[in-house]
Amino acid sequence: MSNTRRQYPFNIIEKKWQDFWERREVFRAWNPGEKVPETHCFGLRHKQLPPKLYILDMFPYPSGAGLHVGHPEGYTATDILSRYKRARGFNVLHPIGWDAFGLPAEQFAIKTGRHPREATKENINNFKRQIRALGFSYDWSREVDTTDPGYYKWTQWIFLKLYNSWFNPETNKAEPIDTLEYPPDIGTEEQRRLYRDSKRLAYVSEAPVNWCPDLGTVLANEEVVNGKSEVGGFPVIRKPMRQWMLRITAYAERLLNDLELLDWTPSLKEMQRNWIGRSEGAEARFEIPGFSPGNPETPRDISVFTTRPDTLFGATYMVLAPEHRLVDELIPDAWPEGTPENWKGKEESATKTPRSAVEAYRQYAAARSDLERTELTREKTGVFTGAYAVNPVNDERVPIWIADYVLASYGTGAIMAVPAHDTRDLEFATEFGLPVRVVVQAPGDEDSTGFTGDGVNVNSGFLDGLPTPQAQAKITKWLEERGLGRKTVQYKLRDWLFSRQRYWGEPFPIVWKDGAHYPLSESELPLVPPALPDFKPTEEGEPPLARAVDWVNMPDGSRRETNTMPQWAGSCWYYLRYIDPRNDDEFCSNELERYWMRNLSPDATGGAGKTPTGDEKAGVDLYVGGTEHAVLHLLYARFWHKVLYDLGYVSTPEPFQRLVNQGLILGEDGQKMSKSRGNVINPDDVLAEYGADAFRLYEMFMGPLDMVKPWSTKGVEGVYRFLGRVWRLFIDPASQRTLDQGLTSAENAGTAVLEHVRLNKDIRDVEAGEPQLKALHSCIKKVTEDIEALRFNTAISALMVFVNEAMSWEVKPAGVLAEFLKLLNPFSPHIAEELYQKLSASTGENALEHCETVAYQPWPEWDEKYMVESIVELPVQVNGKLRDKITVQVDADKESIEKAALESERVRSFIDGKEIKKVIIVPNKVVNIAVSK
RNA sequence: GCGCGAGUGGCGGAAUUGGCAGACGCGCCAGACUUAGGAUCUGGUCUCGAAAGGGGUAGGGGUUCGAGUCCCCUCUCGCGCACCA
């Protein structure tokens, strides 16, 4: 270990108190109706259940690499708040668990042939050891593990709720599938089944999906970044496959609107808004003259979505996505006369007919991966289909093109192109020589061609002269009146691709028979995955579960679903399971949910029916985690929560009332920590050298919680020295030397050696003097306010200021120091416990009798009266520049302050011979004398 | 390109509502104790200047008795989104 002498015996102290907290269940969160043992400090303090607070960390994925320094950043912040709020008298729910399904454990299993459960278990144990060593005040009796059958039983149960529900647009809510009404033309049971299956919140789709060959699985849109997998950065291609989808798009509006209810940062809300991507506009129908499709179901016109219906007069061509379903039907046999050569596509062989050109282009577009579409050339490509549509507003014939800059999955998969007022359309029109017609006059002398802002309509018939908003309203009304279109809203948000071709995930509680899917009954849960000799996908590309032939094929001839759920499933609802983690009959009892999420409970103070603040804010009171989950996890969890809310299983519309992202911690070189850079800080090393208290303190002292900041080993030493000073403030130097000798003779000495440590002789049970009370009360005030605002760095600085001053006191009043320890406790609880125990043993100061921990001692209150000085030093400025300082009585009147200021020698030298125009006096702040130049 | 956030000593960062810029920590300098110091304690540390005084919060302009803080313009960095019609 380290060869330098320790500042204080943190290794012994930390072990001692971690064992104590765990053995006594000090941080257990008590449920309504639960009997608190009489000797438990919570029971000693609270005769009635106090208001709750739910303070939550994003639970970690227990990777093989162990904890990194980013984890303890958020965890320390929530731990400080939890300990502080317990001292303030709240019943704090502060749990932890493991998000343990996932790809790394599975890939490890493929490599080694060992079951992923084994690696997962080892990793969890390692994480747990590391987290315990940091002394967080988690209620370990509520630990959850998403891979535990007792947990995923309920993940599967929630899936069945989704499966057995539909979204009723009338009520804007999810409802049980039995409430679905069938249209009159649906008669047979088979038709009813198909209709029902098409409405479920969990449904099967054959649409093209993001297939990642290297990972051997499909991915959700959210897991694909720039055409590569978010995990590993492997290429992703589009491939049609049968997949389970969750109908999150039904909730787009509510997910967007309810952001307003939340105390989240603006940037985080913005990210969610961007992802949901609401845009208002209009659909307009373009007729296709002479088009008579073979299929009577096929519409005879093409709908486009536009956010700028006011530019309809400027639509000079139309573009469909290459995959648009009408393309095949509307292609004519031959090119219209006079079709320019460059409209027919690039490949010579393919340009003979429109059909061959379209086919060639489709192949080209399909071959272009998403990566190429986004990262490489933005050059516009496309071909003319040979067909024409009619602009409804002026009966003009416009050519219909296909191009991959129009996406099949957004809007109607078709656009009207207005090159004069849309950047993309303009590029395309320039490439192919299509007409550009200005219909919006830009304000001022800006060029109207390519202008995309609001202006005034021109060349637009009955819209001429109207400013953009009015023109939009008028044309929309015009289209509606003629049945040619209507106002609509579109979202970027797509339904959530919910199945994965993996082994290490929750199996779907679904069986297939004769091409139809059926749910398992709740009593058959949990559905446990079978043991496998090999965790790879099958040679036929089927998921690994398909290898378990006996498991897949059921006696009655039906076949189990072989896909599994994505890793996000377990994390969508874990915060609810913490509330009631061992319940075998329900995912979470209604009564407990109402207490922990809404503060509603008959035996809680304040009574049922009201939150402590009386407002509607409810849910997890504080949720802390990294920005990497800004869209994925947080959107999915909100979605599940809303479904559970609609179905009556939870009582709040939103799960996480307040959310804070901790900032990234960089390496000492200011670069992102990574193995290849060799700048990774291992928490185990820091802990061994400086101890948990210093580690925690440093993580909070680095800077504001939500900012990106670099690690500094020197900085750790700084806070470590501070804790050494705290130790020396309390401990008698002679007894410290005895302890040191004891420790050198036995490095692994037990807690008994701490008995040799005596309190500093300067600490006496005496009345505190004025400066001492002032130092204490300023510290209480600063620390209290800063913790409330999550400004831990400045709170720590206030603790340092106090210690620096207290070191100089010849006699140190025990009462003052005891209060200080209560302030230090949330930050560095081990040393605070140890010193508090010593101090209270010697003085008997212990507000809660028989309580052996500082954790439940009431938080100190400050009194302003100790902080006000009778005499205050006031800066005097002349024309805003500091010239002198005067000392005045704190309640001096303005006249006497002005007099004192004007009498100052130094001030006079700056104002003599000048005209005094004004004297500004801000009480107890500043004096400013404005004089002529 | 669009959106969000941020630019303060050698470094991490302080500065409730506009009111003494640089708290606290690191680093550095000097001193004390010491066989020794990579322990501890004390003092100093924005900058130019001998001093008086001047300058100073990315740059420029403005509002104000007074601006790190408010307003306008410019620059730089970070994050997010990125053909979403």
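This tour proceeds through a predicted model, from the whole chain to selected residues and strands.

**The whole chain**

Begin with chain A in full view. Its C-alpha atoms fill a box of roughly 105 × 95 × 55 Å along the principal axes. The chain contains 28 helices and 36 strands. Of its 933 residues, 55% are buried. Among contacts in chain A with a separation of 6 or more, 70% involve residues 24 or more positions apart.

**Aromatic pairs**

Next, display the aromatic side chains; 66 aromatic pairs are found in the whole structure. Select phenylalanine 59 and tyrosine 574. Their ring centres are 3.6 Å apart and their planes meet at 5 degrees, so this pair is stacked, the angle being under the 30 degrees that sets the limit. Phenylalanine 59 belongs to the loop between β1 (52-57) and α3 (70-87), whereas tyrosine 574 belongs to helix α17 (residues 574-577); the pair therefore ties together parts that are 515 residues apart in sequence. With a relative accessible area of 8%, phenylalanine 59 is buried. Tyrosine 574 is buried as well, with a relative accessible area of 0%.

Move on to phenylalanine 498 and tryptophan 640. This aromatic pair is tilted, with 6.1 Å from centre to centre and 50 degrees between the planes. Phenylalanine 498 is located in the loop between β23 (496-497) and β24 (510-513), and tryptophan 640 in helix α19 (residues 632-646), so the pair ties together parts 142 residues apart in sequence. Both phenylalanine 498 and tryptophan 640 are buried.

**Charges over rings**

Select arginine 83 together with tryptophan 21. The arginine 83 side chain lies over the face of tryptophan 21, at 4.5 Å from the ring centre. Then select arginine 397 and tyrosine 388: the charged end of arginine 397 sits over the tyrosine 388 ring, 3.9 Å from its centre.

**The sheet β7-β13-β23**

Show strands β7, β13 and β23 as a cartoon. These three strands form an open sheet in that order, with antiparallel pairing. The edges are occupied by β7 (202-205) and β23; each has a single partner strand, so one side of each is left without a neighbour in the sheet. Between β7 and strand β13 (residues 243-246), which run antiparallel, there are four bridges. To locate this pairing, select valine 204, which stands opposite tryptophan 244 in β13. Now add helix α6 (residues 149-163), which packs on the sheet and touches β7 and β13. The direction of α6 makes about 80 degrees with that of β13.

**Strands β16 and β19**

Turn to strand β16 (residues 317-320), which pairs with β19 in the antiparallel sense over four bridges. Valine 319 has isoleucine 415 of β19 as its bridge partner. Colour the side chains of β19 (residues 414-417) by face: Ala414 and Met416 lie on one side, with Ile415 and Ala417 on the other. All four of these residues are buried, and both faces of the strand are thus covered.

**Serine 735**

Finish at serine 735, in helix α22 (residues 733-745). Serine 735 is buried, its relative accessible area being 5%. Its side chain reaches the backbone nitrogen of arginine 758 at 2.9 Å. Residues up to four places away in sequence aside, serine 735 touches His756, Val757 and Arg758.

Definitions and conventions:
Residues are numbered from 1 along each chain as its sequence is written. Chains are lettered from A and ligands numbered from 1 in the order in which they are written. Side-chain values use heavy atoms; hydrogens and water are left out. Rings of Phe, Tyr and Trp (its six-membered ring) pair if their centres lie within 6.5 Å; planes under 30 degrees apart count as stacked, over 60 as edge-to-face and the rest as tilted. Helices (H or I, at least four residues) and strands (E, at least two) are DSSP runs, numbered from the N terminus. Buried means under 20% relative accessible area, exposed over 50%, partly exposed in between (1.4 Å probe, protein chains only). A charge sits over a ring if NZ of Lys or CZ of Arg is within 6 Å of the ring centre and within 35 degrees of the ring normal. A polar contact is a pair of N or O atoms within 3.5 Å; within protein, one must be able to donate a hydrogen and the other to accept it, and residues adjacent in sequence count only if both atoms are side-chain atoms. Contact means heavy atoms within 4.5 Å. Two strands pair if DSSP finds at least two bridges between them. Axes are lines fitted to C-alpha atoms, for helices over the stretch in contact, and angles run from 0 to 180 degrees between N-to-C directions.
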